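Hi everyone, thanks for coming. I'll walk you through one model today, and please have a look at it before I start talking.

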Amino acid sequence: MSDAPIISIRDLRKTYHAGEVDVHALRGVDLDVERGEFVSIVGPSGSGKSTLFHIVGGLTPPTAGSIQLDGHDLLGLTDAQRTELRKTTVGFVFQKYNLLPTLTARDNIEIARHIAHKDGPPDPKFAEILKLLGLTSRLDHKPRALSGGEQQRVAIARAIVNHPAILLADEPTGNLDTENSTAVLELLRDLNQRLGQTILMITHNPEAAAYGHRTVRMRDGRIE
Amino acid sequence: MRTTLSIVAISIQVTMVLTLVGLSAGMLDEQARRARGIGADIIIRPPSSSLLNFGLNMNADVIPKFINLQPHVAAATGVLVYPTGMLNYITGVDLSEFSKLNGGFRFVQGGPFQGADEMLVDSYYADQHKYHLGDAVTELNRPWRLTGIYQPGMLARQVIPLATLQDLTGSRGKVSVIYVKLDDPDKTGEMITSLAERLKDYKIFSMQEYTDLYSVNSVPMLREFTIVVIALGVLVGFLVVFLSMYTAVLERTREIGVLKALGASPGYILNILLRETTFLAVAGSLLGILLSYVTRFTINDVIHSSLIQTIVYKWWLIAAAIAIVGAMLGAIYPGLKAARQDAIEALAYE
């Protein structure tokens, strides 16, 4: 395993064009995340943390700067290459869970494998993870039959089923009560500690941020 | 609900095509069957006539002057055909001459007409119109007394005396079709050649040739009408699926964003929508085929229309293909819209 940071960002800039106005969402971000690190990113609305999340996740290209993600230079990637990156290198957890409502929990997880062309029986290690997530008995239920906490745990399972290099979590406890928030955060910490899963988590909540190894603060498109 | 309505709408256009084709085939097959039932070997039509155009007549005296003089002619008789509606005709017949062809009508009730204002109908027509012997049947703006009901499958559904129809239509001495029976059917080709030399420009057919002509191509405008209905079918399929898929894409914007975040390519998203479209079209086609049995039952057994619809199996695939083509055309724009959806905007969609 290489000692190089799994995420290496230098002078990253992102400018959106809203009509005739240029919005500078990122104004030169520098950040290194080591392999196996759990990093929390905090900052007020409009600080650029979501933009950083989207760029690291390969959902949108940066405007300038450099960003290395598990050996991939994201600046030069085409749309198709970024799509490929999302299949294999990153996993997303969203605030609103974003499960597909017509599929069962099991199928919501399976579809991520299908998209990544990993059809076939899941590896035994993943069964352990499902046990860790406490989902074994809830896999055949559709999202509407699951609690918010359960839905978020399914979303976490979906995000890591393809063993991504980085798990990106955007306000993963934003829609949960305290008890479920704690459970989800402890799960993320477990995944980080037991499996060495690298995690980048955006949050507004200082208590949630404290679960990470360190907290990065953003303001006005820069890291403080 | 949207899926169900889409399937029903697609099924209606499939039924529309199958019913039209079934009606065309049913009516033409029935006409051909009735022609074969006459028992003639050769059919003669006036010069310039066409298969279903009975407006042109010929002099009946060609029978004694030319036809009966030919060798191998066992019997020959002319009938006058007068149209009373779309594909419906009343036929004037000289019963004594006609019965020499194939024994004449097989009566289920009653018997041949004796007077000038009497009519025979086949049992199909009598059943449909609830006619009984002795009833007054109004046709050609005058009443006819029903004296006989015969087995269907021969000549026509309504038959009146030849002389009466000739008088009523100003066609004295004229006939529309001459049926010739030979003493040796193997001589049919030879006789047709011989008759053609004497009856220049007349249309002379063997029974096989004549019944083969009962096809969609022989009926004026039927092919064009079928094409218009098919075009409407494609248009309906296009519109239904376009609206359905467009709504689906809007409703599922967030889900599309999720799939994209998971690494789904534009082709993957397009593939999902096209598979759903194929399902709609195939399910609509199957339902449409089932509904065509309902229209057949309605047309043949419920409505007294003298129309006959058959099930034309080879059109099942054609009608389904029409539905699939229309549906696929309708899915293209919504599919591309979904495939090109920006993942971040889609994930933010409320």
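Okay, a bit of vocabulary before anything else: a crossing of two helices is called left-handed if the near helix is turned anticlockwise from the far one by less than a right angle, and right-handed if it is turned clockwise. Also, please keep in mind that this is a predicted model.

Let's begin in chain A, with helix α4, residues 124-133, and helix α5, residues 148-160. Their axes are 10 Å apart, and the packing angle is about 160°. Anything over 145 degrees counts as roughly antiparallel, so that's what we call α4(A) relative to α5(A). And here's where the vocabulary comes in: α4(A) and α5(A) cross in a right-handed way.

Which residues make that contact? From α4(A) we have A:Ile129, A:Leu130 and A:Leu133, and from α5(A) there's A:Arg153, A:Ile156, A:Ala157 and A:Ile160. Sorted by class, that contact has 6 nonpolar residues, 1 charged and no polar ones.

Now, on to where the two chains meet. Chain A puts 14 residues into the contact, and chain B puts in 11. On the chain A side, α2 (79-88) and α3 (105-115) each bring at least two residues. The biggest giver there is α2(A), with 5 residues. By class, that side of chain A has 7 nonpolar, 4 polar and 3 charged residues.

Last stop, chain B. The domain assignment splits chain B into domain 1, made of 2-25 plus 221-348, and domain 2, which is 47-201. How far apart are the centres of those two domains of chain B? Going by C-alpha atoms, they're separated by 47 Å.

Key. Residues numbered from 1 in each chain as written. Chains lettered and ligands numbered in written order. Predicted model: local features only at pLDDT ≥ 70, side-chain atom pairs only at ≥ 80, totals over all residues. Domains from an automatic or database assignment. Axes fitted to C-alpha atoms, helices over the stretch in contact; angles between N-to-C directions. Helix = DSSP H or I, 4+ residues; strand = E, 2+ residues; numbered from the N terminus. Parallel < 35°, antiparallel > 145°, perpendicular 65-115°, else oblique. Contact = placed C-beta atoms within 7 Å. Nonpolar A, V, L, I, M, F, W, Y, C, P; charged D, E, K, R; others polar.
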